[in-house]
Amino acid sequence: MAAPAPQPGAIARPPVVAPDAPAAVSGTTPSPSVSVPPTSTNDAAQPTTPAPAAEQPAKTVTAGTPDANDLAAWEAALAADSSQTTAVAANAPQADAGGQPAAATSALNPDISAIADFALAAYSKRHNLQLGAHDPALNGFNFQALELALGAAVDPYFRFDSNIVFNTTEVDVEEAYATTLDLPAQLQVRAGQFLTRFGRANPTHPHTWDYADQPFALTRVFGGEGNRGIGSEISWLSPLPWYVELVASATTAGGAASSRSFYGGSGRSVNGPADLLYVTSIKQFFPLSDAWSLAWGLSGAFGPNAQGKDMRTEVYGTDLYLKWRPLRAGSFQAVSLHAEMLYRRREIPWTTLQDYNSFASLLWRFAQRWSVASRYEWGSAALDDGFHTRPDYLDPQVTAERQRVTASLSHYPTEFSRLRLQGSVDLPKYLPAPIWAGLLSLEIAIGAHGAHAF
Amino acid sequence: MRQCLAIVFVATAMLAPTRAHADLKVIATTADLASVAAEIGGKHASVITLALPTQDPHFVDARPHLALDLARADLLIAVGLELEVGWLPTLQTGSRNGKVLKGARGYLDCSQLIDVLDVPRERVDRSMGDIHPGGNPHYMFDPRRVAKVAAGIAARMAELDPGNTAAYQAGLQHFLGKLESARKRWEQALASLRGQKVVSYHRSLTYFADWLGLTVSTQIEPKPGIPPSPRDLANILSLMKAQGVKLVLQEEWYPANASQMLAEHAGARVVRLPGGPDYDHGKNYFDFMDTLVARLRSAP
């Protein structure tokens, strides 16, 4: 806490301000004060700013620039304090003595929300290549997921978020991680089970998707759940004048539905750092204007695969998000383009398999409650070092390229409910006929109002 | 790759010291709050706004560069009452700046400074629309409450930057002086509205009505965040006719076609209110309220 500079003739106490009575602080300014007119309604329970400690060193300190010697002295004093103190109360958040009655103990409950996704699906072929864990893959009615999200600040230093997904037969802790809130040097650490920040689509949940299913690029490269694992992540917000964030994480390399290009379901154990999956990414953002935004990311995932001793897998990706949302009065319009490309290399005995998977999606929100979107996806077969098609040990049937075109129409009665009609045609060259699909999905969300990432 | 990193670090080293250095870096979520804070802070505070005045503050994109602004801030001033709940928490966490988190001294929820209206008396749920459980957050339309907000902002600035306490107090007194005379001017200009019944689009004019003695008969939105159906509009029209409502008020970011039609049928007029001052182009709270008052007076 910085100390106030003594003013000539000023009262020797820190400013204690009752907001409804600014004259109370005019001891430092001899100018005539103007009283705030009373409002017609009840003025009870006005807050006062809590007074800092009484002793004040006589030294001018401005915000954000404390003297280094002073800080060292304070640190020494605090260290002495903490060694003498047996029970130290947590540095509880300072209560904003509020004008509103503080809610009861339930105010300390975490933010809880439940999001349910249901879909009615019709595919022209029963084996429809839908492998995403939340994809409505069955003809007829599908229960995609019930996602229970819990989140809260733990203390002034951490927050905790979790996503627990219920299917009809199982419960899956998709995410459960702590995030640091106030590390120095613009660093942030996440620890626990989380979706890695590879690209833009991977860390998202169905609630923010523009389609009822996920792009096959992620399903094919990482698995039905997308890339996630138990581990730790550090990210750094650079001091550059534009937004540059560097992210690096280390997570478990196993999991058939989350790390299939790595250890996957092989059950390999960790014998050293080389048995972990490392994801790095650089994320940049350019506010081109008030209406135009551009986000661009580069990502890499590096880890072992189970095809032999010291066999490695590398995945490189780039993601682009361009959004136009005019901030004109009375407009709900927005247009966004989201594209990602993934390049995967897997070492296997005698050669290396490589393939490409990509998608591009264009969304137009044309009214307060309506949006349309279309998506094009393309994936190559697995190719060896000489770019000859090779059988893929993970997807033996994929012997040629695959394309899919999807269109969706979404209706949002409110922010908390969504109806979606979706059609797609899947054109895998390794199948004799295209797969047509029609989907109707419903999503509902109850509970706390989540804050959305851009 | 190494070369790229080297370039990044060199660029970082070159750019870091050149940033402007006010004593207090202040971020306000809305343009009206930013303007008030800037008046108080004067040359000792650099103040920027996150939402633009043409933007509905309920629905702001959490564009990442805003987190970058927040990362460098000493003080975050918010409207509160869940107005910014859909976007501000993401930015606060992303900023990695513990100074501006809820509970820290660098976070000022201005709704704590005023008496809040429209506080639900019953247990709320979303069948009532996208309701604000803590009460109505649109208090910046009432200059009396703005005075209290200003006093709270000045106190917090002085707490964070005690060396400039006198300057913040002087800034506050200057602002309050101007506000007091402006308030009288506005009240005089709008004296004819006292006792009038009006319809608003969103439930955002509660404090405005409280200040000027208007009665808000109903909202065009049947529930907060829910657009009206034809049946809703028909009901509102008969209500307007029955009560003799001659004025439809709404912020610029709401659609105006339905309001316009209602007004024509009821023999009323629509006045579109600015959402705040165009702070980024040098306008302040007084310009904003002057525009608002002028629009209310000008239409026949």
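Before looking at helix packing, I noted how axes are handled: they are lines fitted to C-alpha atoms, for helices over the stretch in contact, and angles run from 0 to 180 degrees between N-to-C directions. Helices (H or I, at least four residues) and strands (E, at least two) are DSSP runs, numbered from the N terminus.

**Entry 1: ground rules**

I am working with a predicted model, where local features need pLDDT of at least 70, side-chain atom pairs count only at pLDDT 80 or more, and totals for chains, interfaces and linings use all residues. Residues are numbered from 1 along each chain as its sequence is written, while chains are lettered from A and ligands numbered from 1 in the order in which they are written.

**Entry 2: the two chains**

I started with chain B and found 10 helices and 8 strands. Its radius of gyration is 21 Å, close to the 19 Å that the globule rule gives for 300 residues, so chain B is as compact as a globular protein of that length. (The radius is taken over C-alpha atoms, and the rule is 2.2 Å times the number of residues to the power 0.38.) I also looked up the extent of the C-alpha trace of chain B, which spans about 70 × 45 × 35 Å along its principal axes.

Next came burial. I call a residue buried if 20 or more other C-beta atoms lie within 10 Å of its own, exposed if 12 or fewer, and partly exposed in between, with C-beta atoms placed from the backbone. In chain B, 55% of the 300 residues count as buried. In chain A, the figure is 33% of 454 residues. Chain A is built with 2 helices and 16 strands.

For contacts, I use C-beta atoms, placed from the backbone, that lie within 7 Å. Taking contacts between residues at least 6 apart in sequence, 61% in chain B join residues at least 24 apart. In chain A, 57% of such contacts do so.

**Entry 3: α2 against α5 in chain B**

I looked at helix α2 (residues 31-41) and helix α5 (residues 143-160) of chain B, which pack at an angle of about 55° with their axes 10 Å apart. That angle makes α2(B) oblique to α5(B). (Under 35 degrees counts as roughly parallel, over 145 as roughly antiparallel, 65 to 115 as roughly perpendicular and the rest as oblique.) The crossing of α2(B) and α5(B) is right-handed, meaning that the near helix is turned clockwise from the far one by less than a right angle; anticlockwise would be left-handed.

From α2(B), the residues B:V36, B:A37, B:I40 and B:G41 meet a set in α5(B) that includes B:V146, B:I153 and B:M157. By class, this contact has 9 nonpolar, 1 polar and no charged residues. (Ala, Val, Leu, Ile, Met, Phe, Trp, Tyr, Cys and Pro count as nonpolar, Asp, Glu, Lys and Arg as charged, and the others, Gly among them, as polar.)

**Entry 4: α6 against α10 in chain B**

The axes of helix α6 (residues 165-189) and helix α10 (residues 285-298) of chain B come within 10 Å and cross at roughly 5°. These two helices, α6(B) and α10(B), are therefore roughly parallel to each other. I listed B:K178, B:A182, B:W186 and B:A189 on the α6(B) side, meeting B:F286, B:M289, B:V293 and B:R297 in α10(B). The contact of α6(B) with α10(B) has 6 nonpolar, no polar and 2 charged residues.

**Entry 5: α8, α9 and B:L237**

α8(B) and helix α9 (residues 257-266) of chain B pack at about 40°, with their axes 10 Å apart. Their crossing is right-handed. I zoomed in on B:L237, which is found in helix α8 (residues 230-243) of chain B. B:L237 is partly exposed, with 18 other C-beta atoms within 10 Å. Leaving aside neighbours within four places in sequence, B:L237 is in contact with B:L262, B:H265 and B:A266. B:L237 and B:H265 are 28 residues apart in sequence and 7.4 Å apart in space, C-alpha to C-alpha.

**Entry 6: loop residues**

In chain A, I found A:A291 in the loop between β8 (276-286) and β9 (292-304). A:A291 counts as partly exposed, with 15 C-beta neighbours inside 10 Å. Not counting residues up to four places away in sequence, A:A291 touches A:W324, A:R325, A:P326 and A:L327.

Back in chain B, B:L81 has a phi near 55°, a positive value in a residue other than glycine. B:L81 sits in the loop between β3 (75-78) and α4 (88-95) of chain B, and is buried, with 24 other C-beta atoms within 10 Å.

Note on methods. Two residues are in contact if their C-beta atoms, placed from the backbone, lie within 7 Å.
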